[in-house]
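The following exercises ask the reader to examine a protein chain step by step. Please attempt each task before reading its solution.

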Amino acid sequence: MQIKYSLLLGVLLFISCTSKENKLYQSEKVWHYEAEYRSADSLFNYEIQMIPGGMFLLQQKIKWIVTLPDSISTNEFLFRSESTTGFKENDSKIWLHPPRTHQFKYITQLAPYPQVQFPLTLGDTISGSINMVSNWGEWNGKSSKYWLVLTDKEYSPVYRDTLWVLKGEGVLGKDTASVTHRFSQTQGFISSVYKNNKGEYFEMKLKKIE
């Protein structure tokens with residue numbers, strides 16, 4: 001009985017390790033982004049961390065830490081927030097909740113979330129809707145519609161990898177937000193560039209993974 005138990009435990013550990021090795025977003029790593037928000041009268045430069053790990057409401061869990069450094073006092077922040085949400089990663093897809101806070105809260109909520117389907121095929125389209133449950137002001141109780149198309153792939157000498165380009169738009173009533181995501185199969189989502197019909201602009205760009 002002890003031998004059977006040990007064999008079963010060994011098999012489970014092997015499966016667990018193998019599955020973990022095949023996952024892009026591993027809990028031991030932290031994704032560091034630099035980000036910029038612009039509007040007609042505002043400019044904010046953020047530092048953003050994404051930390052995967054654990055489970056959240058039957059989904060894999062990520063934590064977003066968003067800070068707005070004080071340019072005068074190096075150890076102070078003008079703004080800081082932490083939020084925990086879910087993502088999905090399996091053999092057929094990767095789907096992430098983006099960070100949604102401060103000045104860029106609405107633009108990242110309305111635009112299509114970062115997501116890819118496997119195998120990656122140019123021309124593939126992802127479409128769906130997002131329900132605005134609460135804390136979204138005039139959007140509360142409404143649903144947006146979005147589409148996201150895998151339009152291109154390009155080699156990046158900066159990241160030393162091929163990046164897959166996804167472009168799409170989200171619509172809710174008269175509000176629209178477009179996005180261009182770039183995805184690396186070895187480093188995840190490298191960048192996201194957002195624009196909306198109110199003249200707001202938001203960009204996240206990967207600095208390092210550690």
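The exercises below proceed from the whole chain to single residues.

The model is predicted, so that local features require pLDDT of at least 70 and side-chain atom pairs count only at pLDDT 80 or more, whereas totals for chains, interfaces and linings use all residues. Residues are numbered from 1 along each chain as its sequence is written, and side-chain values use heavy atoms, with hydrogens and water left out.

**Exercise 1. The chain as a whole**

Task: State how many helices and strands the chain has, and in which order the elements run.

Solution. Step 1: Helices (H or I, at least four residues) and strands (E, at least two) are DSSP runs, numbered from the N terminus. Step 2: The chain has two helices and twelve strands. Step 3: Read from the N terminus, the order is α-β-β-β-β-β-α-β-β-β-β-β-β-β.

Task: State what percentage of the residues is buried and what the chain exposes.

Solution. Step 1: A residue is buried under 20% relative accessible area, exposed over 50%, and partly exposed in between (1.4 Å probe, protein chains only). Step 2: By this criterion, 41% of the 210 residues are buried. Step 3: Accessible areas come from the Shrake-Rupley method with a 1.4 Å probe, and for residues only the protein chains shown count as cover. Step 4: The chain exposes about 12,200 Å², of which carbon and sulfur atoms supply 52%.

**Exercise 2. The nonpolar core**

Task: Name the residues that touch the most other members of the largest nonpolar core.

Solution. Step 1: A nonpolar core is a set of buried Ala, Val, Leu, Ile, Met, Phe, Trp, Tyr and Cys residues joined through side-chain atoms within 4.5 Å. Step 2: In soluble globular proteins, nonpolar side chains tend to be buried together. Step 3: The largest core here holds 47 residues, and those touching the most other members are Tyr25, Tyr33, Tyr46, Ile48 and Phe202. Step 4: Contact means heavy atoms within 4.5 Å. Step 5: Beyond four places in sequence, the residues that Tyr46 touches include Tyr33, Val66, Leu68, His102, Phe104 and Phe202.

**Exercise 3. Aromatic rings and charges**

Task: Explain why the pair of Tyr25 and Trp31 is described as tilted.

Solution. Step 1: Rings of Phe, Tyr and Trp (its six-membered ring) pair if their centres lie within 6.5 Å; planes under 30 degrees apart count as stacked, over 60 as edge-to-face and the rest as tilted. Step 2: This rule yields 15 aromatic pairs. Step 3: The ring centres of Tyr25 and Trp31 are 4.8 Å apart and the planes stand at 40 degrees, so the pair is tilted. Step 4: Tyr25 and Trp31 are both buried. Step 5: The rings of Tyr194 and Phe202 also form a tilted pair, because their centres are 6.0 Å apart and their planes are at 35 degrees. Step 6: Tyr194 and Phe202 are each buried. Step 7: Ring pairs join Tyr37, Phe44, Tyr46, Phe104, Tyr194 and Phe202 into a cluster.

Task: Identify which residue has its ring under the charged end of Lys88.

Solution. Step 1: A charge sits over a ring if NZ of Lys or CZ of Arg is within 6 Å of the ring centre and within 35 degrees of the ring normal. Step 2: The charged end of Lys88 sits over Trp95, at 5.8 Å from the centre of the ring. Step 3: Lys105 lies over the face of Trp136, 4.8 Å from the ring centre.

**Exercise 4. Backbone geometry in loops**

Task: Locate the cis peptide bond, and describe the phi angles of His102 and Asn135.

Solution. Step 1: The peptide bond from Phe118 to Pro119 is cis, with omega near 0 degrees. Step 2: Pro119 belongs to the loop between strand S6 (115-117) and strand S7 (125-131). Step 3: Although His102 is not a glycine, its phi is positive, about 50 degrees. Step 4: His102 lies in the loop between strand S5 (93-96) and helix H2 (105-110). Step 5: Asn135, also a residue other than glycine, has a positive phi near 70 degrees. Step 6: Asn135 lies in the loop between S7 and strand S8 (143-156).

Task: Determine why His102 and Asn135 fall into their accessibility classes.

Solution. Step 1: His102 is partly exposed because its relative accessible area is 28%. Step 2: Asn135 has a relative accessible area of 56% and is therefore exposed.

**Exercise 5. Asp175 in its strand**

Task: Is Asp175 buried or exposed, and with which side chain does its own side chain make a polar contact?

Solution. Step 1: Asp175 is found in strand S10. Step 2: Its relative accessible area is 18%, so Asp175 is buried. Step 3: A polar contact is a pair of N or O atoms within 3.5 Å; within protein, one must be able to donate a hydrogen and the other to accept it, and residues adjacent in sequence count only if both atoms are side-chain atoms. Step 4: The side chain of Asp175 makes such a contact with the side chain of Trp139, at 2.9 Å.
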